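Please open the structure in your viewer and keep the selection tool at hand. The tour goes from one selection to the next, and at each stop it says what is there.

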Amino acid sequence: MRAVYFLLFPLICAAQMHTEEEALALRRIADFWQEGEYQIAKSQIEEYLKQFPQSSYSDTLCAALGDLFLREKNYSNALSCYSQIVSKEWLDQVFLNRLQALYHLEWYATLADECESYLGRQDTEDSKLQVTYYLAISLYQQCLNASKNPEQLEKLALRAQPYFVTLFQSDLSNEVSQAFAHLCCILKDYAKASDIYLDLAQHDESGKEDFLFQAAMLQTEFDKEKASRTFEEIANLGQHRAQDAAFNRLVLSFELGKYDDLAASKEELFRQIPEDKIPHARLFLGRSYLALKKYPEATQELKSFIDTNPPYEMLRAALVQLLDAAQQTNDLFSFDAAMAKLSPEDPERPKAIFSRAILLKKERRIEEAKQDLNTLLSSYPQFPQSAQAAFELTHLEYQTKSWSACRATAIGFIQRFPSHELLSFAWRYLASSSAQLASQEPAGEVMLKKQLASDLENLLQQQNLLADAERNDWQFLLAKTYYELNQKERSLSILMPLSELAFSQDANTKLLIALIHKEKSPELFCQYAEEALQFKADLIDPAQTHIALFNTYLDRSKDEPQFLDKAANHLFASFSLKGTLQQENHLWLSDYFFTRAQEDSSAAQKAFELLKKSEPSEDTIYKLAKLYDWQSRTDEAIALLEGNKSILNLDARLLLAESYVRVGKTKQASEQFDSIVASSPLFKNQASASACLQGIQLKRSLGIAAPEAAAALKTLILQRSLTNEPIHLEAALEYIDLQAQKDLDKRLSLLAKTKADFQSTADLLSKDYQESRHKLPQKEKIYQSYMTFFDADAYLCQANLKEDISQRKELQAKAKDLLLQIIADPIPAPLKARVREKLQLLNCDESGS
């Protein structure tokens, strides 16, 4: 509190300068004040002033007591305390507080006088702005109270004006803006008042609308154009004064002669203005429309006039004008109201019926519109616009898909108005409705198709009626109709010339030609059908076209195998288009692409898509897993196989075991290999033979003892079949590695014996094995590569047994030549690994020597 600063220290000092009792009282006041006990301090001050009225600190304590009363909004007591101050110093200190008290007590005249007196002094710079504020506000309040005395009002306003100008240019601008604007209004300075309100609107969002409204009202006094723009801005705000603003803008627009603007914004104005102002608005708008002679929506004005029941001569003119206005604004309600008052014998009635039908059409009340048009054509045959009415009726029948009625009315129009400008459109309606009848009516289909063919022939005979492109479209429809009537030669005679043209149905033309040739000329069918698909023919479902091409190419592939791939691709194209494939075709196509998947990524993707859509079976699961395997998606292959263990065949189980090996799951792999071998211990199939071999190799690589390995490998050798190679040949080499280990003599002996066994024809299995070599050239190559490897391995064993270096090198050279010979050709991966291992050892020996 301000009083703290001028009471605290003087009161403390006073204790040393007065009687002990006065000093004690002053110290109590000071202590209570310092402790924030202002109520106690106030009572102590009041008691002190009564006890020591002549104290030299009386002014100080009166100032403090006045501030306490001011703080409590006890302005009367505060003013009383301030009035007891004698010294100029303390009067200046409390001057602003005194002004505040006078303001709250509404002693505006006194306040103004004191402010003017204060401002007249030379030493008032510090508080000048605040005093000016109180002076301006006090004079403004007096203006408000003097509103019934114009002379005094103007005098007060002029007196206040310079002070408001000063404040408006200061930091107190926002606080005095509204009062200053009102003052400018009193002084009729409307432009200045308007500018102030516009500035307030920019800085006060909550009061923006009211400020803009005040500004607009003032602008009407000096600039109606500007006022109109401001009212428009208020209307666009959409707040509580938007409707009044919109109406005021309407009035201003009319006064400014902006009839076009009023006409353009009529609907918007009706939405914006208050409901009770709508009749007035209609009056302004009606007058505007009439002034423009455009007959826009003056409906309410005309109806108001009609409601006064004037004589029929005057009424008829208003009714005709209202019919015209209502038609232009699609106001069917007003149109019907006017038509109901129009005499049945009035010459304008046929035109009114026609106009009403058009309005009903626009409102999608088609059946009522058709009824009016039928009435018009039957009751007023001489109506000048009968052709337009007949054509509208045809158009409406087409819109409602009343094909028989549309065809009938089109024929009637063509017969009655053969030279009318709408004749070409009537022919189109005739052909279109006839086409719809032929395509949608199941009963009497042949008859309707013959009717369509006749209608199209008649249409195409018309000269200068159709553009070339449209004529081609109708000719195509005629050819299609003859095809459906099984008149294929007639259809073809129309289609062949069309096939050379570029038009909207050129793709379907080729397809229709293809269908005509399907039975008698597969080559032409394929040629035209391929072209049709290339150009996006849609006469029939493209998936069915692909199926037809598949069947045709499949038949042709019996004599020309190169067409088999085309057949497969078309069948897949049908599948891709969500066409329905027969199960046998689906399986055939899956197998076709699966057999090519390892070498062809595109075939692999197609096989994958087909198999994913197949019913789960042991065959599809295996093939899907195999595709994953070829794509190195081992985890997905394992997941698929594990999820379908109950239906896995041996090949799938073998693939699962091999997949386990690839991801390092050796335990699961070994168990799976053993399970396969246990299910077919005599290795009657390739899967069990491969499982046996891989299982042994896995255990050996892991250092796991397998006492039965030698016997199992021997069984694999004895049960050899060329179709399973290189499994048996690998088993033989694995057997030699197992039995000989580091014993070179034994290895050499086993190599010779094993090679002789594989060349033997001593028993039935051996004889069958040798005979198969001539039938299976790929297996023969594998066989020869392994025989050569046996020889190379034997040379290496002999070389390692020789002590003579030259003899050893000679044998190693022979072995190397054979190994290089083997690896120069495509060979199985296991053999390639063995050859590379041997060559690496040879290279190490050569570098060591």
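Which residues of helix H28 are buried? Before you look, bear in mind that this is a predicted model. Select residues 468-484, which make up helix H28, a run of 17 residues that reaches 24 Å from its first C-alpha to its last, close to the 24 Å expected at 1.5 Å a residue. Within H28, the buried residues are Arg471, Asn472, Trp474, Phe476, Leu478, Ala479, Thr481 and Tyr482. Now add helix H26 (423-440), helix H27 (445-460), helix H29 (488-498) and helix H30 (506-517) to the selection, since these are the helices against which the buried residues of H28 pack.

Stay with H28 and look just after it, where asparagine 486 takes a positive phi of about 65 degrees. Then go to the loop between H27 and H28, where you will find asparagine 464. Its phi is near 55 degrees, a positive value in a residue other than glycine. Asparagine 464 has a relative accessible area of 81%, and because this is over 50%, the residue counts as exposed.

For another positive phi, select lysine 188, in the loop between helix H11 (173-186) and helix H12 (190-203). Phi of lysine 188 is near 65 degrees, and this residue, too, is other than glycine. With a relative accessibility of 58%, lysine 188 counts as exposed.

The next stop is about aromatic rings. A pair of aromatic rings is described by the distance of the centres and the angle of the planes. The count for this model comes to 21 aromatic pairs. Select tyrosine 398 and tryptophan 403, whose ring centres are 5.1 Å apart and whose planes stand at 70 degrees, so the pair is edge-to-face. Tyrosine 398 is partly exposed, with a relative accessible area of 27%, whereas tryptophan 403 counts as buried at 9% relative accessibility. Widen the selection to Phe391, Phe413, Phe417, Phe425 and Tyr429, which together with Tyr398 and Trp403 form one aromatic cluster.

Then select phenylalanine 572 and phenylalanine 575, an aromatic pair that is tilted, with 5.7 Å from centre to centre and 40 degrees between the planes. Both rings belong to helix H33 (residues 563-576), where the two residues lie three residues apart, about one turn of the helix. An α-helix has 3.6 residues a turn, so residues three or four places apart point the same way. Phenylalanine 572 counts as buried at 9% relative accessibility, and phenylalanine 575 is buried as well, with a relative accessible area of 13%.

How do helix H39 and helix H40 pack, and at what angle? Select residues 666-679 for H39 and residues 686-701 for H40, and you will see two helices that pack at an angle of about 140 degrees, with their axes 8 Å apart. Their crossing is left-handed. Show the side chains where the helices meet: on H39 they include Thr666, Phe673 and Val677, and on H40 they include Ala687, Cys692 and Leu698. The residues of this contact divide into eight nonpolar, five polar and two charged.

Finish at proline 726, in the loop between helix H41 (709-718) and helix H42 (727-740). Select glutamate 725 along with proline 726, and look at the peptide bond that joins them, which is cis, with omega about 15 degrees.

Conventions. Residues are numbered from 1 along each chain as its sequence is written. This is a predicted model: local features need pLDDT of at least 70, side-chain atom pairs count only at pLDDT 80 or more; totals for chains, interfaces and linings use all residues. Side-chain values use heavy atoms; hydrogens and water are left out. Axes are lines fitted to C-alpha atoms, for helices over the stretch in contact, and angles run from 0 to 180 degrees between N-to-C directions. Helices (H or I, at least four residues) and strands (E, at least two) are DSSP runs, numbered from the N terminus. A crossing is left-handed if the near helix is turned anticlockwise from the far one by less than a right angle, and right-handed if clockwise. Contact means heavy atoms within 4.5 Å. Ala, Val, Leu, Ile, Met, Phe, Trp, Tyr, Cys and Pro count as nonpolar, Asp, Glu, Lys and Arg as charged, and the others, Gly among them, as polar. The expected span of a helix is 1.5 Å times one less than its number of residues. Buried means under 20% relative accessible area, exposed over 50%, partly exposed in between (1.4 Å probe, protein chains only). Rings of Phe, Tyr and Trp (its six-membered ring) pair if their centres lie within 6.5 Å; planes under 30 degrees apart count as stacked, over 60 as edge-to-face and the rest as tilted.
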